[in-house]
Protein chains: 2
Amino acid sequence: MQIQQVTTDSDRVQVWWADGERRRGDTAASGRASQFHFLWLRDNCPTARHPVVGEKVLDPVTIPLEIAPASVEVANGNLRIVWANDGHESVYEAAWLYDNAYELETRQARRYQSTLWTTQMLANFLPEVSFDSVTADDEGLLTALRLLRQYGFVIVRGVPTEPGMVVKLAEQISYVRETNFGVIFDVVSMPDPNSLAYTAVKLNAHTDLVSREAQPGLQFLHCLVFEAVGGESILVDGFAAAEELKRLHPEDYELLTNTAVRFRYQDKKTDINAKFPIIRLDADGNYFEIRYSTALLAPLDIDHHLVKPFYRAYQNFSHLLRDPRFEFKFRLRPGDCEVFDNRRVLHGRDSFNPQSGPRHLQGCYIDTDDFLSRLRVLERGGRDFRESLSVVRSA
Amino acid sequence: MQIQQVTTDSDRVQVWWADGERRRGDTAASGRASQFHFLWLRDNCPTARHPVVGEKVLDPVTIPLEIAPASVEVANGNLRIVWANDGHESVYEAAWLYDNAYELETRQARRYQSTLWTTQMLANFLPEVSFDSVTADDEGLLTALRLLRQYGFVIVRGVPTEPGMVVKLAEQISYVRETNFGVIFDVVSMPDPNSLAYTAVKLNAHTDLVSREAQPGLQFLHCLVFEAVGGESILVDGFAAAEELKRLHPEDYELLTNTAVRFRYQDKKTDINAKFPIIRLDADGNYFEIRYSTALLAPLDIDHHLVKPFYRAYQNFSHLLRDPRFEFKFRLRPGDCEVFDNRRVLHGRDSFNPQSGPRHLQGCYIDTDDFLSRLRVLERGGRDFRESLSVVRSA
């Protein structure tokens with residue numbers, strides 16, 4: 001990234017990138033400049049950060065709202081500003097500015113684009129890796145994590161069928177997130193269940209722990225024993241189904257993204273509830289998560305006139321989640337561990353006959369933050385994290 | 001709760017409560033009836049739930065959107081409906097209907113009202129309990145949890161000054177939430193810190209782990225040793241400060257509730273970010289959380305025209321958070337543990353001189369879901385959780 005020249009406008013510095021180094025997301029018609037507000041620049045001066053920790057130490061209340069530069073220039077390829085109010089000098093690396101430009105198109109182009117899938121696509125390519133490759137080195141692990149980010153799931157083959165191995169696998173990525181179901185949960189048919197998961201009934205595709213404010217991110221389900229008849233696993237790309245809902249029934253999509261509904265889980269020791277939309281978008285309008293479990297929907301506490309539209313949308317989305325185009329069915333074998341983004345890829349299972357033989361899975365969770373953090377750190381390689389903060393110079 | 005009579009309208013049953021048993025939230029002018037949509041009623045029929053687990057087993061796609069009753073009556077004090085499409089009988093207890101009525105005023109009246117505080121109020125009443133009372137029995141623990149819910153913090157006195165006791169205290173409530181800082185974190189001045197918390201600098205009031213999608217709920221800070229000069233603790237009721245911002249600068253309040261900004265944390269092993277508003281409201285417009293840390297605000301990725309309004313609002317809110325009316329300062333003594341709702345009550349500390357003596361706190365976190373769950377289960381007492389689902393009859 002090279003800066004060709006810099007100019008100023010009323011409240012901003014415009015950085016003109018050298019030919020051939022257009023902003024990410026640029027179309028031919030758009031400009032070659034990125035704009036940086038004076039306030040933004042002063043607050044993000046490299047000297048505003050602790051040189052070791054990298055956290056900000058500049059107190060934001062000390063920045064005059066009308067701050068402006070006395071001088072702006074390109075110096076040694078970097079942007080150099082001297083501020084009019086106190087003569088402070090700020091020097092910004094070109095690469096850092098490029099990476100942090102905040103025009104809408106630039107932000108959109110920076111966003112990771114996952115691959116939405118249908119069962120037809122999975123017939124040609126199934127995201128799977130071996131336990132040996134994941135545990136061998138960083139490269140093998142990185143391959144698995146990238147598949148997870150791209151498809152929302154990966155199947156790990158050849159995991160030793162010993163109890164507790166699911167945590168060993170998860171800890172390749174991060175520490176495990178404990179929940180009210182414990183650190184590890186055993187998915188078996190039980191005499192005194194506290195969840196439908198611990199019966200032998202069919203479970204329609206759902207996300208786990210919908211009644212918690214933060215649904216778990218990654219879910220691991222490791223097959224230890226499977227001799228029962230039935231019990232095939234189901235995975236559904238909830239974002240793909242949501243896209244189809246938007247196409248077929250845009251008003252239903254609008255309703256499910258904008259109407260928060262409550263989910264509630266109770267047992268002898270627990271009483272948890274949360275109210276969020278079934279299709280939740282983030283602050284920039286991108287998919288954030290699906291929150292869907294017909295088992296745990298609480299009595300609706302929404303306005304009366306929304307009740308019927310909600311059930312219509314809920315039924316239409318439910319039909320799509322069970323549509324053979326989206327519902328991927330397969331049989332786990334002992335030693336398989338399905339790992340999936342619980343907030344994107346819904347999971348379920350067919351009913352099984354517990355008299356026909358045992359079926360035993362072990363599961364655990366990891367937060368999305370910790371999954372993505374591990375992925376970013378692996379991608380960072382050996383570089384000093386303070387480079388991306390501009391506190392130390394990039395190599 | 002007694003039902004006087006029931007009537008039907010085009011899409012609903014109206015339940016008229018007996019005199020003197022008005023809906024919660026009723027004013028003299030409003031009616032005495034609660035309305036329940038036919039779809040709502042059918043989906044919440046007690047037979048729609050698993051009798052042991054309590055989860056729903058009725059498949060929502062099987063409910064006709066035009067469902068209507070063949071008959072509606074009061075039978076043995078309960079609402080009894082026979083459905084026209086399939087003759088299914090649904091019986092709803094009056095108390096359960098009353099508890100789940102979903103008119104807006106009813107929902108609002110059901111919501112817990114916490115007590116927003118100023119330093120002046122704390123001069124008259126400080127929420128504090130003894131370690132002995134919290135560990136003695138359920139009643140003592142319930143008292144502490146209710147203070148926490150009401151004020152957003154409680155100070156526990158007389159916690160043995162042994163390392164690890166902070167987890168023993170937290171486990172009175174629930175399992176601990178591990179984070180990238182571990183299960184327990186030691187707040188001491190360190191030679192090679194990975195957070196400003198582990199230096200001796202002043203920390204303005206902030207919430208912890210703003211860069212994570214789910215900020216921790218309860219935070220525990222247990223004072224083991226404190227001989228250093230300086231280092232007084234700070235607590236600020238963020239919801240009280242937000243209310244004051246709304247009163248003084250309504251446009252700033254609007255901006256901070258509607259504009260998501262990114263926070264980012266990095267160290268050698270970690271790279272986590274999240275984008276949410278600084279003042280976040282829930283689906284019903286009530287305070288959900290404050291997310292505020294000047295140390296971890298990432299370069300803004302918002303529209304250019306919002307940059308200056310953001311800094312103005314950010315500065316105004318920052319000034320309020322440091323206003324002596326809201327900033328409660330006190331000195332922890334060895335054996336004290338401050339426990340606070342990290343998403344409501346901001347915490348900080350004055351700088352201290354590490355040469356003047358040691359200062360050692362130990363901390364840990366618990367999720368809000370698990371804190372509130374414990375509180376609800378304690379308040380439930382010995383009652384069967386399936387009563388509130390209407391799956392078993394209330395006593």
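Visitor: Which residue stands opposite V82(B) in β6(B)?
Guide: E89(B) does. This is a predicted model, by the way.

Visitor: And how do β5(B) and β6(B) pair?
Guide: In the antiparallel sense, over four bridges.

Visitor: What sheet is that part of?
Guide: An open one with three strands, in the order β4-β5-β6 of chain B. The pairing is antiparallel.

Visitor: Which strands sit at the edges?
Guide: β4 and β6 (89-92) of chain B. Each of them pairs on one side only. From one strand to the next, the twist averages 15 degrees.

Visitor: What about the loop between β4 and β5 of chain B? Who lives there?
Guide: N76(B) is placed in that loop, between β4 (69-75) and β5 (78-83). Its phi is near 55 degrees. That is a positive value in a residue other than glycine.

Visitor: Is N76(B) buried or exposed?
Guide: N76(B) is exposed. It has 8 other C-beta atoms within 10 Å, and a residue counts as exposed at 12 or fewer.

Visitor: Where is S390(B), and what is its phi?
Guide: S390(B) is in the segment after α11 (368-380) of chain B. Its phi is positive, about 70 degrees, although S390(B) is not a glycine.

Visitor: Buried or exposed, that one?
Guide: S390(B) is buried. It has 25 other C-beta atoms within 10 Å. The cut-off for buried is 20 or more.

Visitor: Switch to chain A. What does the β4-β5-β6 sheet look like there?
Guide: It is an open sheet of three strands with antiparallel pairing. The edge strands are β4 (69-75) and β6 (89-92) of chain A, each pairing on one side only. The twist averages 15 degrees from one strand to the next.

Visitor: How many bridges hold β4(A) and β5(A) together?
Guide: Six, in the antiparallel sense. β5 of chain A covers residues 78-83. Within this region, S71(A) stands opposite V82(A) in β5(A).

Visitor: Now β14 and β15 of chain A. How do they run?
Guide: Antiparallel, with eight bridges joining them. β14 is residues 260-267 and β15 is residues 270-277.

Visitor: What links the two?
Guide: A hairpin joins β14(A) to β15(A) through two residues.

Visitor: Which residue is the bridge partner of R262(A)?
Guide: K275(A), in β15(A).

Visitor: Let's try a helix. Which residues of α8 in chain A are buried?
Guide: The helix covers residues 238-248. G238(A), F239(A), A240(A), A241(A), A242(A), E244(A) and L245(A) are buried.

Visitor: What do they pack against?
Guide: Several elements of chain A. On the helix side, there are α9 (250-258) and α10 (307-321). On the strand side, there are β13 (233-237), β16 (279-281), β17 (287-290) and β20 (345-349).

Visitor: Zoom out. How many helices and strands in chain A?
Guide: 11 helices and 22 strands. The C-alpha trace spans about 80 × 55 × 45 Å along its principal axes.

Visitor: How much of chain A is buried?
Guide: 45% of its 395 residues count as buried.

Visitor: And what share of contacts links residues 24 or more positions apart?
Guide: 73%, taken over contacts in chain A with a separation of 6 or more.

Visitor: What domains does chain A have?
Guide: The domain assignment gives domain 1 (3-110) and domain 2 (119-378). Their C-alpha centres lie 42 Å apart.

Visitor: How does chain B relate to chain A?
Guide: A turn of 180 degrees, with a shift of 0.0 Å along the axis, lays chain B on chain A with an RMSD of 0.0 Å. That is the relation of a two-fold axis.

Visitor: Which C-alpha in chain B is nearest the axis?
Guide: That of A214(B), 3.1 Å from it.

Visitor: How many residues of each chain are in contact?
Guide: 70 residues of chain B are in contact with 70 residues of chain A.

Visitor: Which element of chain B gives the most to that side?
Guide: α10(B), with eight residues. Elements giving two or more include β3 (33-37), α1 (38-43), β14 (260-267) and β15 (270-277) of chain B.

Visitor: What classes of residue are there?
Guide: The side of chain B that touches chain A has 30 nonpolar, 18 polar and 22 charged residues.

Visitor: Why say the copies meet through the same surface?
Guide: Because 100% of the interface residues of chain B are also interface residues in chain A.

Note on methods. Residues numbered from 1 in each chain as written. Chains lettered and ligands numbered in written order. Predicted model: local features only at pLDDT ≥ 70, side-chain atom pairs only at ≥ 80, totals over all residues. Domains from an automatic or database assignment. Least-squares fit on C-alpha atoms with pLDDT ≥ 70 in both. Contact = placed C-beta atoms within 7 Å. Pairing = 2+ DSSP bridges. Axes fitted to C-alpha atoms, helices over the stretch in contact; angles between N-to-C directions. Nonpolar A, V, L, I, M, F, W, Y, C, P; charged D, E, K, R; others polar.
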